[in-house]
Amino acid sequence: MVTSPEPIEAVSQRLDKFLSDQLSYASSLGPEAETMSRAGAASLRGGKRLRARFCLTGWRAVIESSRARDTSLTPAAVSVAAALEIFQAAALVHDDIIDNSDTRRGQPAAHRALEAAHAAAGWTGDAATFGRSGAVLLGDLLVAWSDDLLEEALADQSTAAATRRFYADMRRDVTIGQFLDVAEESAYAVYPDEEHAERALRVASYKSARYSIQKPLEIGAAFAGADDEQLDALGRFGHDVGMAFQLRDDVLGVFGDTAVTGKPVGDDLREGKRTVLVAFAREALPAPARRTVDELLGDAELDAAQISALQNTIVDTGALARTEELIADYSRRADRALVGARLGDAAVGELRDLARAATQRSS
């Protein structure tokens with residue numbers, strides 16, 4: 001039963017119930033298992049619930065297109081959206097390990113929280129090693145939880161096979177995309193400079209655009225029984241919004257306000273992210289200045305002055321302006337994808353609102 005008419009509140013309620021059941025099981029195994037499960041629950045606190053929003057709006061867009069169908073939220077649709085949020089938590093846990101991030105949403109990252117739990121319990125051995133090892137396993141547990149909740153939602157559903165297919169595509173693409181992102185920090189050096197922007201856009205597509213917006217939309221639509229035409233319109237819209245979303249994330253990773261983003265200013269520069277911003281900046285620089293940028297990128301000890309110098313370079317080369325133009329272009333293309341689509345009018349309006357919120361943001 002859905003107890004809240006508000007979609008995201010309904011998702012939060014479903015997550016609370018699911019996590020309560022998981023914590024009850026873990027507590028029966030002892031305090032160590034409970035520590036792990038509580039860390040998993042903590043990883044689901046906060047966030048914009050972006051994937052759940054797009055999933056449920058994609059579902060509504062298809063449901064509303066048939067006037068004969070009830071558009072009220074169903075428990076199964078809410079559970080599918082909640083499963084996406086659990087998978088997102090898994091991806092973030094692993095992402096923070098890869099990026100050596102200490103914080104997430106203004107709180108300790110999962111590996112740091114588990115490190116602190118090790119120290120607080122007075123256990124022997126290296127707390128940091130335990131934290132990283134525990135977080136790898138925690139990410140795996142969260143993936144299993146997302147599968148469990150998804151399968152519960154799909155039980156006896158006529159659209160289960162199509163929904164599973166899109167869900168599987170999402171998991172594959174984001175995993176490959178994450179590896180492409182990691183690889184690019186080293187692989188860029190063997191490719192011509194003029195190819196770097198296109199390679200960065202490939203990473204953005206697979207790591208973020210498909211995973212964050214396109215696939216959640218398609219998963220919701222497939223669950224609602226969308227036909228090929230509806231899936232095509234939502235897929236094109238979702239991918240272009242997703243690209244604009246990731247490019248906005250790249251801008252915030254360099255210029256974002258720590259008080260708003262919850263991450264240190266210039267964090268992407270310290271991590272050595274080979275984003276479109278960086279590619280555009282390098283294209284405009286002479287070889288000596290390009291080498292200086294390459295030497296600084298990826299230095300975890302960059303100080304405020306060095307971060308500021310890199311920020312100024314990105315602005316002065318026109319890379320920031322070019323990236324903003326690209327964001328605007330993707331946003332316009334996304335909007336055109338919905339024109340004339342056989343989707344519910346109210347849901348289409350909400351999709352456009354969600355697109356603006358995803359691409360015109362400060363966190």
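At what angle do helix 8 and helix 9 cross, and how far apart are their axes? The exercises below work through this and related points. The model is predicted: local features need pLDDT of at least 70, side-chain atom pairs count only at pLDDT 80 or more, and totals for chains, interfaces and linings use all residues. Residues are numbered from 1 along each chain as its sequence is written, and side-chain values use heavy atoms, without hydrogens and water.

**Exercise 1. Describe the packing of helix 8 and helix 9.**

Step 1. Find the elements. Helix 8 covers residues 196–223, and helix 9 covers residues 228–255. Helices (H or I, at least four residues) and strands (E, at least two) are DSSP runs, numbered from the N terminus.

Step 2. Take the geometry. Two packed helices are described by the angle between their axes and the distance between the axes. Here the axes cross at roughly 140 degrees and come within 7 Å. Axes are lines fitted to C-alpha atoms, for helices over the stretch in contact, and angles run from 0 to 180 degrees between N-to-C directions.

Step 3. Classify the angle. Under 35 degrees is roughly parallel, over 145 roughly antiparallel, 65 to 115 roughly perpendicular, and the rest oblique. Helix 8 and helix 9 are therefore oblique to each other.

Step 4. Give the hand. The crossing of helix 8 and helix 9 is right-handed. That term applies if the near helix is turned clockwise from the far one by less than a right angle, and left-handed applies if anticlockwise.

Step 5. Sort the contact residues. The contact of helix 8 with helix 9 has 14 nonpolar, 9 polar and 2 charged residues. Ala, Val, Leu, Ile, Met, Phe, Trp, Tyr, Cys and Pro count as nonpolar, Asp, Glu, Lys and Arg as charged, and the others, Gly among them, as polar.

**Exercise 2. Do the same for helix 5 and helix 6.**

Step 1. Helix 5 spans residues 110–121, and helix 6 spans residues 127–154. Their axes are 7 Å apart, at an angle of about 130 degrees. That makes helix 5 oblique to helix 6.

Step 2. The crossing of helix 5 and helix 6 is right-handed.

Step 3. Contact means heavy atoms within 4.5 Å. Helix 5 contributes residues including Leu114 and His118, and helix 6 contributes residues including Phe130 and Leu138. By class, this contact of helix 5 with helix 6 has 8 nonpolar, 4 polar and 2 charged residues.

**Exercise 3. Is Arg361 buried or exposed, and what does Arg361 touch?**

Step 1. Arg361 lies in the segment after helix 16 (345–359).

Step 2. Buried means under 20% relative accessible area, exposed over 50%, partly exposed in between (1.4 Å probe, protein chains only). Arg361 has 14%, so Arg361 is buried.

Step 3. Leave aside neighbours within four places in sequence. Arg361 is then in contact with Lys48, Phe245, Arg248, Asp249 and Leu252.

Step 4. The side chain of Arg361 makes a polar contact with the side chain of Asp249 at 3.4 Å. A polar contact is a pair of N or O atoms within 3.5 Å; within protein, one must be able to donate a hydrogen and the other to accept it, and residues adjacent in sequence count only if both atoms are side-chain atoms.

**Exercise 4. What is the sign of phi in Asn100 and in Asp156?**

Step 1. Most residues other than glycine have a negative phi.

Step 2. Asn100 has a positive phi of about 55 degrees. Asp156 also has a positive phi, near 65 degrees.

Step 3. Place both. Asn100 is in the loop between helix 4 (75–98) and strand 1 (103–104). Asp156 is in the loop between helix 6 and helix 7 (160–187).

Step 4. Asn100 is exposed at 51% relative accessibility. Asp156 is exposed at 84%.
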